[in-house]
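Student: I'd like a close look at one part of this model, with its surroundings filled in as you go. Here it is.

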Amino acid sequence: MSHRPRSGLAAVSSALLAMSRHLEMRDVLKTIVASARELLDAQYAALGVPDDHGGFAQFVVDGVSDAQWKAIGPLPRQHGVLAAMLHEAHPERLADVRKDPRFEGWPDAHPDLVDFLGLPIRDGDETIGALFLANKNCPKPEGSCGFTQEDEELLALLAQHAAIALTNARLYERSRELTIAEERSRLAHELHDAVSQKLFSLRLTAQAAAALVDRDPARAKGELHQVAALAAEAAEELRAAVVELRPAALDEDGLIATLRTQIQVLDRAHTARVTFTGAGYRALPAAQEEAVLRVAQEALHNALRHADAERVDVSVARRGPGAVLRISDDGTGFDPAAVGRAGRHLGLVSMRDRASGVGGTLTVESAPGKGTTIELEVPGG
């Protein structure tokens, strides 16, 4: 690469440094894709991380607008040229990907790709991703590929560093998951011990009060006062534990990043398409952010587990000094007038309690067969 201009070397250096700055998997993927497209001057770039079921756990693109990406539809499967990059473990440089015998077409809204350069990202013997670029921004004689051997060598160099960045990101996520699991296990053990002791004392005291109520009403009354005190202490133990169980990711990453990560996981885990947008949001006090997160989690659970939704759209946007959360699905819906039954089943009471607890308001719009929209507005600090 000694014949490359100095500006090119500086660009490579900047790309490698950018990849090393991030630990969150999504940020790492986006940085790799953007760096590759810029370095090789391509119109489009994409990176897919395979799952174990013939699809992709994550798939990131650069050069495609959000509207185009939504119109394209579900993530691609591991087939055609993508499968070749994952399973044959060698670069693919094509003058026209559409003429390759492995080409199997793409959705109507998909951009038209012509010249193509792709290669696997490998960690030892394991293929952990497929990185590709398309439509080199340069004049191309008829039937030739705009991507050169030099481009292929540069992308291979980038892929080697991408493998390190992806491996570090996976280790970071696993470490954080383990830390959170260990902390929750510890808290659950402490909660069990503390509340169990209080409930045991409460039960004995209640039994004593029942035995005394006929022969010594005064003492029975005292025992009942003790029951009330013990119940209050048990409730306080529970409240303290719930406060301590505030999601670690919320403190570390903030509301928007936490929601985006959780929704990406749900989108991969369910057949329904789950999307998230955050517009103009600014940080809120901890209590408000936790209320927004918990309501979002409850509403998403309803949509994905009970409503048979095919699409769920989640958004958080600034509204005055506060924020508004909106969750819309195209599921079976329900009759909000049947609030007693539906409220218990769908957790609406809990969501309304969380809203009122931070001075917010919750509105629910739904009808049988018409989907459901839940909106939570919370004030600022």
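Student: Which residues of H4 are buried?

Tutor: Keep in mind that this is a predicted model. The buried residues of H4 are Gly 80, Val 81, Leu 82, Ala 83, Ala 84, Met 85 and Leu 86. That makes seven of the eight residues in the helix, which spans residues 80-87, so the rest of the structure largely encloses H4. Just after the helix comes Ala 89, with a positive phi near 60°.

So what do those buried residues pack against? Their contacts are with S1, S2, strand S3 (92-94), strand S4 (116-123) and strand S5 (126-136). These five strands make up an open sheet, ordered S2-S1-S5-S4-S3, with antiparallel pairing. S2 and S3 sit at the edges with a single partner strand each, so each has one side without a neighbour in the sheet. From one strand to the next, the twist averages 10°.

Let's take the two edges in turn. At one of them, S1 (residues 42-50) and S2 (residues 56-62) run antiparallel and are joined by six bridges; Val 49, for instance, has Gln 58 in S2 as its bridge partner. Five residues lie between the strands of this hairpin, and Gly 54 there takes a positive phi near 85°. At the other edge, S3 pairs with S4 over three bridges, again in the antiparallel sense, and Glu 92 stands opposite Gly 118 in S4.

As for how the helices lie, H4 packs on the sheet with its direction at about 135° to that of S5. Helix H2 (residues 25-40) lies across S1, S2, S4 and S5, and runs at about 40° to S2.

Technical notes: Residues numbered from 1 in each chain as written. Predicted model: local features only at pLDDT ≥ 70, side-chain atom pairs only at ≥ 80, totals over all residues. Heavy atoms only, no water. Pairing = 2+ DSSP bridges. Helix = DSSP H or I, 4+ residues; strand = E, 2+ residues; numbered from the N terminus. Buried < 20%, exposed > 50% of the residue type's maximum accessible area, 1.4 Å probe, protein only. Contact = heavy atoms within 4.5 Å. Axes fitted to C-alpha atoms, helices over the stretch in contact; angles between N-to-C directions.
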